[in-house]
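Got your viewer open? Load the model, switch to cartoon view, and let's take a walk through it.

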Amino acid sequence: MSVAERTLPHWDMTVVYPSLESDEFQSGFRAALQAIDELAALFDQHHIGLQEPKPLDDTTTQTFETIARRYNEMLESFVTTTAYISSFVSTNSRDETAQARQSELRMHSVKLSMLGTRFTAWLGSLDVEELIRRSAYAHEHAFMLRKAKQQSEHLMLPTEEALASELSVTGGSAWGKLYSTFTSQLLVPIELDGKERRLPMSALRNLAYDPNRDVRRRAYEAELAAWKEHAVPIAAALNSIKGEVNTLARKRQWQSPLDSALFNNNIDRATLDAMMGAARESFPDFRRYLRAKARALNTSALAWYDLFAPVGGSAREWAYDEGAQFVVAQFDTYSSKLGGLAQRAFLENWIDAEPREGKVGGAFCMRIRKGESRVLTNYKPGFGAVGTLAHELGHAYHNFNLAERTMLQRSTPMTLAETASTFCETIVKNAALARVAPDEQVMILEASLQDACQIVVDITSRFLFEKSVLERRTQRELSADEFCNLMLDAQRQTYGDGLDPNILHPYMWAVKGHYYGPLFYNYPYMFGLLFGLGLYARYEQDPEQFKAGYDNLLSSTGMGDAHELASRFGIDVRSADFWRGSLDVIKADIDRFETLAG
């Protein structure tokens, strides 16, 4: 491991509690659990749950305000406790104390889930429009109330919902935990520089970015061998999770799990179809990019292990400190508020950047307290890692703008959760392209197109795969080989002749943790990228007018559906033309890449 890698920062959680073993944490943990019990007692006192509809009166209005305020307060402390514990589990899955605390918290979160279901059922029995007219606090939560009214129509009987919540701890959530813990601890043998080494899976997958094609190939082969060896428990996890999803969707009377996911993501089928249709139209352009990359790498066709190969060059290493300074400087060109938030993140050690054994792969941002987040990355020097920093800090800026909203107002769906991250990543990319020599422009463009290809082409393959799995899982469990075949079929449909059809990745279902958590954790990324690009185009047209409404949009992403919020900027997300316009931005980058790389 290089000196640069050894000195990459770990995030600082001592500002929340000194440690998991501290008296302060023990007290905070007990208080968070007690708050759930107190809310449950309040629910019982006011008979919150499924009721026969009755006329709204002043007493019921006051009950709503009392319950909703206490609910918001409890959720605020619970989120901080959850994030604090998760910060240890995600950076060291072998931390037994953190794992024990997380397991204990999950047991209590069942109560919280049950309370949420009771609250939704109770709201479903009320005249929410009358409630919104009567109460200023209800008016501030109007979107949540109307959505709860709709969701109440898809609830099982109260006893069934309670049982589903209780069983989730040993059902889908347990399988998801198994997947995360098991895969984060995999050590994979590989020969590098003539020596046999055992690398964590996250470090092995980072070799996909190595400039040496032989290294990439051997890492790819070692990875596939490892997934094949460990496929049985992972396949069991996937079968169990998707089986549970199908059962609950059917019992809650959704036409399909996808309909449930669309509802939760605040979009409709017309929006999804418009976006996915435009994406399919763009596949020939992405295949053109992949063929251009193959030419730049002097190979007849890209293999899967060439997808992330670097193209172009630079005297600049883009070490972590350099990347951090660049991100802050470019964020400052948009606004001092955005730049200041990034500066604070670096100065206060919000970021855990070092890849290491036991740490989860990939990158994410999580809210820890009002206006304060934590960012996890596995930083490997290069502009792609700088783009990831900008992306995740965009999430932190989104959280910052949501800080003054209540917890019931800020429930942002995934479709809108990528808005600020994509916007911020675009700021940094465009700034870099304007400042560097042509050879480095190729490198930056290619890193950006890598991401776009993943989010449009690969995400479509993941969507097709998950949809196929859910359909087949209604009949029986699937074997690991069947999962592999479905994945290969989805990759052939999307990548087409852009990749060597004989060197794909049949085990991407084992790689992507998204399959083991929320339902259809894929197409919202595409929505986020293309919506963010559309917003950036509005920004370039009239920067000052855009800035006047942008922060308010970010603060409102849990207070309206995507169609309504997009219309504030003159965007119609149900029109394929909007999505084509965003994809045209990527197409222009492909054209530029072809010219420069040629």
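Start by selecting Asn 298: this residue comes after helix α14 and has a positive phi, near 60 degrees. Keep in mind as you go that this is a predicted model.

Now step back into the helix itself and select residues 269-296, which make up α14. Its 28 residues reach 40 Å from the first C-alpha to the last, close to the 40 Å expected at 1.5 Å a residue. Where does α14 kink? Put Ser 282 in the centre of the view: a kink of about 40 degrees lies there, shortly before the proline Pro 284.

Next stop, a hairpin. Select 187-192 for strand β1 and 195-200 for strand β2; the two pair in the antiparallel sense over six bridges. Show sticks for Glu 191 and you'll find Glu 196 of β2 standing opposite. Two residues separate the strands, and Asp 193 in the turn has a positive phi of about 55 degrees.

On to a sheet. Color β3, β5 and β4, in that order: they form an open sheet of three strands with mixed pairing. β3 (351-352) and β4 (364-369) are at the edges with a single partner strand each, so one side of each has no neighbour in the sheet. Strand β5 (residues 372-376) pairs with β3 in the parallel sense over two bridges. Pick Ile 351 and look across to Val 375 in β5, which stands opposite.

Which helices lie on this sheet? Add residues 58-91, helix α3, which lies across β3, β4 and β5 and runs at about 135 degrees to β4. Then add residues 383-402, helix α17: this one packs on the sheet too, touching β3, β4 and β5, and its direction makes about 30 degrees with that of β4.

Last stop: select 523-541 (helix α23) and 543-555 (helix α24), whose axes come within 6 Å and cross at roughly 140 degrees. Angles over 145 count as roughly antiparallel, so at this crossing α23 is oblique to α24. For the contact, show side chains on α23 residues including Leu 535, Arg 538 and Tyr 539, and on α24 residues including Phe 546, Tyr 550 and Leu 553. By class, the contact has six nonpolar, one polar and three charged residues.

Note on methods
Residues numbered from 1 in each chain as written. Predicted model: local features only at pLDDT ≥ 70, side-chain atom pairs only at ≥ 80, totals over all residues. Heavy atoms only, no water. Helix = DSSP H or I, 4+ residues; strand = E, 2+ residues; numbered from the N terminus. Expected span 1.5 Å × (residues − 1). Bend = angle between axes of the 7 residues up to and from the residue. Pairing = 2+ DSSP bridges. Contact = heavy atoms within 4.5 Å. Axes fitted to C-alpha atoms, helices over the stretch in contact; angles between N-to-C directions. Parallel < 35°, antiparallel > 145°, perpendicular 65-115°, else oblique. Nonpolar A, V, L, I, M, F, W, Y, C, P; charged D, E, K, R; others polar.
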